[in-house]
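Good morning. Please have a look at the model on the screen before I go through it.

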Amino acid sequence: VERRRATLADVLIFDILLSTGGIPHPDSLYPPQDVDGLHRLLDAIAGTTYDALKKDCLVYFLLKWHQDGREDRFRDDRCIPPQFVALADAYWYLDSGINIARAVSLLADARLNRDYASKIIQILSVENDSKLVRKYVRTAKPLLTEPDDIDAWTIALAESKMMDAWLYQRTFSETSEMRERLILRLLD
């Protein structure tokens, strides 16, 4: 986890989820280093502002790290709805770096929320897989507002069809700083 965190600018999706639930400095709790650390993390999850379902999804996510199926029993015992399981699975795949393509396929489901699009695009860019960036943007249709997201999308388009990337940069005003930025990216 620590190696993966370093690759992703020191923030995993799970860190974001913990922070959003009211846990300050999630990297001090996750990943737990021993059994006591796990108990502290579980207590912190229990104390989050999340409802019971979201708390169960966080625990389900933690159980996936064992990769031995124990999360399935937990999921079934807690009756976690399929769309929440799919979202937790997608986030786990992205954070673990295991089967990123499966994560993108799961995120294409219209029932899933569109949170953390910038982080997802960052992860796909770190994986250096423009095909997955294109698939994610085309299927999940996240709103691209951050310059780094727009850059990643433009580069992914250019790696497939330069004309598509060129037409995309033309959707920005001629006086827009973003258009100039994208032209420079395309020339690189």
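I will cover the cysteines, the start of the chain, one helix in some detail, and one serine.

This is a predicted model, where local features need pLDDT of at least 70 and side-chain atom pairs count only at pLDDT 80 or more, while totals for chains, interfaces and linings use all residues. Residues are numbered from 1 along each chain as its sequence is written, and side-chain values use heavy atoms, with hydrogens and water left out.

Cysteines, then. A disulfide is a covalent bond between the sulfur atoms of two cysteines. Here the term is applied to a pair of cysteine sulfur atoms within 2.5 Å. How many disulfides does a search of the whole structure find? Zero. Take C57: the closest cysteine sulfur is in C79, 12 Å away, and that is too far for a bond. The two residues also sit in opposite surroundings, if I may use two terms: buried is under 20% relative accessible area and exposed is over 50%, with partly exposed in between, using a 1.4 Å probe and protein chains only. C57 counts as buried because its relative accessibility is 11%. C79 has a relative accessible area of 61%, so C79 is exposed.

Next, the start of the chain. UniProt lists residues 1-22 as "signal peptide", in an unreviewed entry; its positions are given in the numbering used here, feature names are shortened, and annotations may be inferred rather than shown by experiment. That stretch is 64% helix and 0% strand, and its end C-alpha atoms are 21 Å apart. Helices (H or I, at least four residues) and strands (E, at least two) are DSSP runs, numbered from the N terminus.

Now helix 3, residues 35-46. Which of its residues are buried? They are G37, L41, A44 and I45. Seen down the helix axis, the buried residues fall within an arc of 100 degrees, so they line one face; the arc is that of the directions from the axis to the C-beta atoms. These buried residues pack against helix 2 (13-20) and helix 4 (52-64), contact meaning heavy atoms within 4.5 Å. On the other side of helix 3, V35, D36 and D43 are exposed. At the start of helix 3, the backbone nitrogen of D36 has a side-chain oxygen of D34 within 3.2 Å.

Last, S130. S130 belongs to helix 9, residues 130-140, and counts as buried because its relative accessibility is 16%. Leaving out residues up to four places away in sequence, S130 touches A156 and E159.

Notes:
The expected span of a helix is 1.5 Å times one less than its number of residues. A polar contact is a pair of N or O atoms within 3.5 Å; within protein, one must be able to donate a hydrogen and the other to accept it, and residues adjacent in sequence count only if both atoms are side-chain atoms.
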